Amino acid sequence: MKQINCIYIVDDDPITVFGIKKMLGMVTDCNDIHTYENGKTALDSIIQRIKNGAQLPEVIFLDINMPIMDGWEFLAEFLNIETKEQIRINIISSSIDSADYEKWERYKQSTTHFIDYKEKPIFRIEPKDISLVNLAS
């Protein structure tokens, strides 16, 4: 099992959050999993971690459609934060809008973070989903 120090789940759907937590338990050993119902509270937490000198999350599961600050707004703000750490961001959405795939491609090409796109519902999380290198490519 892969050891991960910190994981963020940013999603306003409690069933999705519950499922991701259960599936993570099968592929990783992580005692520091945080959940947020919108991008604003997750972003505020990341900024606070930076101020406190704490380690940033290594993996973020990020829903697109949320109240207050959606996943795209979170991603735009997050990518402006200067950090040495490379973070795995799994965008999760039930959207079938081609514009969302285009946004994902643009963000993916504009950062050193590893950004993947997963469709809801998520039935399985594999070790490659919590690694910076996509083992399937």
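## Asp11 and its polar partners

A polar atom on the side chain of Asp11 sits 2.8 Å from the backbone nitrogen of Asp13. That's in a predicted model, so take it in that spirit. The Asp11 side chain also reaches the side chain of Lys120, with a polar contact at 2.9 Å.

## Where Asp11 sits

As for its place in the fold, Asp11 belongs to the loop that links β2 (7–10) to α1 (14–27). Is Asp11 buried or exposed? Its relative accessibility is 2%, and because buried means under 20%, Asp11 counts as buried.

Who surrounds it? Setting aside neighbours within four places in sequence, Asp11 touches Thr16, Val17, Tyr36, Glu37, Asp63, Met66, Ile92 and Lys120. Lys120 is thus on the contact list as well as being the polar partner at 2.9 Å.

## How α2 meets α3

Now for a pair of helices. α2 (residues 39–52) packs with α3 (residues 71–78) at an angle of about 20°, and their axes are 9 Å apart. Because angles under 35 degrees count as roughly parallel, α2 is roughly parallel to α3. The crossing of α2 past α3 is right-handed.

On the α2 side, the contact is made by Gly39, Ala42, Leu43 and Ile46, while α3 brings Phe74, Glu77 and Phe78. What is the mix of nonpolar, polar and charged residues in this contact of α2 with α3? Five are nonpolar, one is polar and one is charged. Glycine goes in the polar group, so Gly39 of α2 is the polar one, and Glu77 of α3 is the charged one.

Key: Residues numbered from 1 in each chain as written. Predicted model: local features only at pLDDT ≥ 70, side-chain atom pairs only at ≥ 80, totals over all residues. Heavy atoms only, no water. Helix = DSSP H or I, 4+ residues; strand = E, 2+ residues; numbered from the N terminus. Buried < 20%, exposed > 50% of the residue type's maximum accessible area, 1.4 Å probe, protein only. Polar contact = N/O pair within 3.5 Å; in protein donor to acceptor, adjacent residues only side chain to side chain. Contact = heavy atoms within 4.5 Å. Axes fitted to C-alpha atoms, helices over the stretch in contact; angles between N-to-C directions. Parallel < 35°, antiparallel > 145°, perpendicular 65-115°, else oblique. Left-handed = near helix turned anticlockwise from the far one by under 90°.
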